[in-house]
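Visitor: Could you take me through the aromatic rings in this one? I'd like a close look at how they pair up.

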Amino acid sequence: MPSSPAERSGAPVVVVGGGVAGLAWALALADIGLQPLLIEKDTRFGGRAASWADPVTGDAVDIGPHVLLSEYRNMRAWLERLGTAHQVQWQRDRLITLLDHGRRILMHSSHLPAPLHGLPNLPAALRCVGPLDLLSNYRVAWQAMRMNEADTLALDGIDALSWLRAQGVSEAFIGWFWVSASMTLLNVPLLHCSAAALMRVFRQMAGHSGFHFGLPKVSLGELFTEPALRALTAAGAELRRGTAVRGLELRDGRLEALVLNDGSRLAARCCVLAVPPQVLREIAPPEWGGAGSAPEQATRFEGSPYVSTYLWFDRKLTSERFWARSWVPNDLNSDFYDLSNIRGGGHPDAPSLIACNAIHAHRAWNASDEQIVRSCVAEIAGYAPLAARARLRHAAVHRIPMAIPCAWPGTETARPLTATGIDGLFLAGDWTRTGLPASMESAVRSGWRAPKRWRLACGGRAASPGRCPRRPASPACCAGAAKAAQRPYGMGRGEGGAVRPNIEAPAASSEDAMTKPLCGIERIVFQTSCGLRGPSSCNRRRSICAPSSLSRSPSKRSAAGSRVVSSSATWCSTSRINSMNVAS
């Protein structure tokens with residue numbers, strides 16, 4: 001039965017999916033005075049940011065380790081809002097240590113203006129390739145500095161390998177740099193990678209100097225999930241675990257209700273679907289379809305399998321925090337993290353706990369845990385020879401069937417917009433059109449930026465803190481909000497000229513919204529654009545960057561083999577978590 005306007009007026013604002021995108025969306029809504037209902041089909045919130053205590057050692061482990069990049073402003077602003085920005089250890093001098101055919105190559109961060117910031121690393125690069133190989137990239141670099149978003153998307157139908165060869169890049173440089181970049185950054189082989197996706201990443205690298213990596217000093221659950229849930233609870237949001245959505249009810253181009261797995265209906269004034277593409281395909285009704293619709297675009301996406309292995313050794317193997325290997329076809333892992341040097345103050349005598357990442361791991365998927373562990377130990381020993389003589393105390397292998405989408409040709413232009421064309425229904429997630437590669441940072445941006453865009457579209461501006469609109473926004477105002485939401489996130493300061501690309505360019509202002517407190521009318525324009533009114537919105541003058549003063553809660557143990565991956569954010573309903581007690 002259709003919901004009446006009166007029923008909808010008392011219905012909640014619903015966010016479906018408790019992964020990073022859903023958490024960011026829900027918290028952004030709470031910060032403008034709403035009390036969203038966040039529902040998650042799994043028993044644990046967090047998605048890719050989920051963590052738990054290893055059942056044998058009690059150490060906090062993630063589905064897989066994650067590294068942050070300094071230039072992703074929305075992610076850093078979100079950490080400020082959560083009060084966990086201080087829990088990131090930034091490597092400001094050394095960018096990364098690369099193991100290339102047994103040679104340690106140190107890459108440093110440079111503050112020279114782009115594109116000259118690569119010059120200090122030329123001697124290191126020349127240890128691996130010749131001068132002519134480096135010069136063969138000049139056309140790629142020149143185009144990267146001049147391209148705008150439209151130019152980038154125009155390359156989406158071409159595979160990256162063919163495009164690089166057409167630009168005259170040498171085979172030696174392709175094999176040394178571009179093959180590794182495609183696998184480690186986009187999780188797909190170069191031959192099957194969209195040239196648009198690859199150039200998006202390269203534009204960011206070529207257009208910014210001084211960027212560096214950050215390593216979480218705590219688990220991802222402590223960094224993201226737990227503080228977000230505490231902030232939502234404090235704001236009066238409702239959190240539901242173990243609640244799956246199996247369908248949507250639409251009427252006259254508007255969302256009426258969600259159909260839950262038990263058959264019950266949940267009326268909603270407004271709904272954000274922070275779900276992966278395969279879930280969107282499952283729950284979308286037939287009338288929401290056709291060429292160009294989000295459910296139709298979702299059919300083009302496929303996940304990349306991912307294996308993360310945690311190894312507990314009996315001694316310290318290295319003082320390095322993390323390193324990477326140049327990609328070789330027979331290798332298993334691409335990057336390694338010694339958590340004993342990152343977490344808990346990095347005690348110099350603490351035995352090494354090393355997390356290894358195997359991406360696009362089709363070959364290793366059906367291998368036994370013992371085979372995977374042996375390969376990991378051998379590859380660690382290639383960098384830290386002590387691993388060959390150390391005793392392995394414990395190991396855990398995490399298999400994630402579809403952790404992130406493969407950047408196939410055609411997927412960049414298929415990434416859907418936030419607005420769906422259905423009144424009251426929006427999308428979020430790393431696979432939506434955020435202007436960033438599909439990643440945890442993209443997921444955060446899809447949720448954290450959206451309310452700002454609608455606020456600006458409705459003419460949001462600073463006003464007297466104590467004043468509220470006396471009536472909802474006009475239809476023209478709502479239409480303006482929807483139109484703004486249809487526009488993709490920009491990549492540069494101007495779309496027509498040769499400008500330095502921004503990793504996260506402001507949508508309509510030179511001031512980043514994440515550093516600007518919300519007051520007065522600004523806090524409620526998003527509500528009125530959707531016909532919503534949040535409780536006490538005019539009296540809640542929180543800054544969206546205000547650090548949380550709530551304390552961390554301890555990690556909780558979970559049994560091995562439990563459901564640890566949220567299907568709504570990590571592209572899978574379960575992951576295999578196998579623990580091994582290794583005999584001495």
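Guide: Here's a walk through the ring pairs, and then a couple of charges that sit over rings. Keep in mind that this is a predicted model. A pair of aromatic rings is described by two things, the distance of the centres and the angle of the planes. Going by ring centres within 6.5 Å, the count here comes to twelve aromatic pairs.

Let's start with F173 and F177, a tilted pair with 5.5 Å from centre to centre and 35° between the planes. Both residues belong to helix α9, which covers residues 171–186, and they sit four residues apart, about one turn of the helix. How buried or exposed are they? F173 has a relative accessible area of 7%, so it counts as buried, since the cut-off for that is under 20%. F177 comes out at 23%, so it's partly exposed. These two also have company: F173, W176, F177, W178 and F202 form one aromatic cluster.

Now hop over to F322 and Y337. This pair is stacked, with 5.5 Å between the centres and 10° between the planes. Here the pair links distant parts of the chain, 15 residues apart: F322 is in strand β16 (residues 322–325), while Y337 is in strand β17 (residues 335–338). Both F322 and Y337 are buried.

Last stop, the charges. R76 lies over the face of W90, 4.5 Å from the ring centre. R104 does a similar thing with Y383, lying over its face at 3.8 Å from the ring centre.

Key. Residues numbered from 1 in each chain as written. Predicted model: local features only at pLDDT ≥ 70, side-chain atom pairs only at ≥ 80, totals over all residues. Heavy atoms only, no water. Phe/Tyr/Trp six-rings, centres within 6.5 Å; stacked < 30°, edge-to-face > 60°. Helix = DSSP H or I, 4+ residues; strand = E, 2+ residues; numbered from the N terminus. Buried < 20%, exposed > 50% of the residue type's maximum accessible area, 1.4 Å probe, protein only. Lys NZ or Arg CZ within 6 Å of the ring centre and 35° of its normal.
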